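The questions below concern side-chain contacts, exposure and helix geometry, and each one is answered in turn.

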Amino acid sequence: MKKNGLSSMRKQSGASALVIMIMVLFFGGLLTLVIKLGPAYLDDITIQEALESLDGTEDLSSMGPAQVRSLINKRLSVNNVRGFDAKNITVEKNGEFVVINVDYEVRNNLFRNVDTVIHFQHEYEMKGK
């Protein structure tokens with residue numbers, strides 16, 4: 001029995017143009033999401049690091065909420081975090097501990113009338129030296 005060369009070529013054909021186009025659209029969409037949402041997550045990591053670095057700050061427990069907010073704003077401006085509002089930070093005193101709550105959301109335009117909303121919420125309990 002002799003095999004026909006054409007039938008084996010049909011079995012070995014690659015991806016069709018439609019499959020390639022779908023793959024390009026899928027990976028292009030993923031790349032768009034990473035480019036649009038990535039900076040918000042990077043800023044949130046920077047905000048977390050700035051707040052965690054407050055732990056052990058001298059006289060933190062004796063500072064007022066406005067002074068703690070000012071200290072946080074200075075650290076965020078040094079780390080080039082723009083567009084973050086200090087109103088999203090609440091500072092409360094619990095004895096010698098300082099409780100810092102951060103609750104904010106970031107809205108981005110994905111394309112045309114499609115927007116994304118990312119909500120971040122963190123709570124820190126710190127004690128100064």
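Q: How exposed is Glu105, by relative accessibility?
A: This is a predicted model, in which local features need pLDDT of at least 70, side-chain atom pairs count only at pLDDT 80 or more, and totals for chains, interfaces and linings use all residues. Residues are numbered from 1 along each chain as its sequence is written, and side-chain values use heavy atoms, with hydrogens and water left out. Relative accessible area under 20% is called buried, over 50% exposed, and in between partly exposed (1.4 Å probe, protein chains only). Glu105 therefore counts as partly exposed, its relative accessibility being 40%.

Q: Which residue meets the side chain of Glu105 in a salt bridge?
A: A salt bridge requires a side-chain nitrogen of Lys or Arg within 4 Å of a carboxyl oxygen of Asp or Glu, and a search of the whole structure finds 1. The partner counts as exposed because its relative accessibility is 59%. With an N to O distance of 2.9 Å, the partner of Glu105 is Arg107.

Q: How far apart are the end C-alpha atoms of helix α3?
A: Helices are DSSP runs (H or I, at least four residues), numbered from the N terminus, and the expected span is 1.5 Å times one less than the number of residues. For the 14 residues of α3, residues 65-78, the expected span is 20 Å, which agrees with the distance between its end C-alpha atoms, 20 Å.

Q: Which residues of α3 are exposed?
A: Val68, Leu71, Ile72 and Leu76 are buried in α3. Seen down the axis, the buried residues of α3 fall within an arc of 135 degrees (taken from the directions from the helix axis to the C-beta atoms), so they line one face of the helix. On the other side of α3, the exposed residues are Ala66, Lys74 and Val78.

Definitions and conventions: Helices (H or I, at least four residues) and strands (E, at least two) are DSSP runs, numbered from the N terminus.
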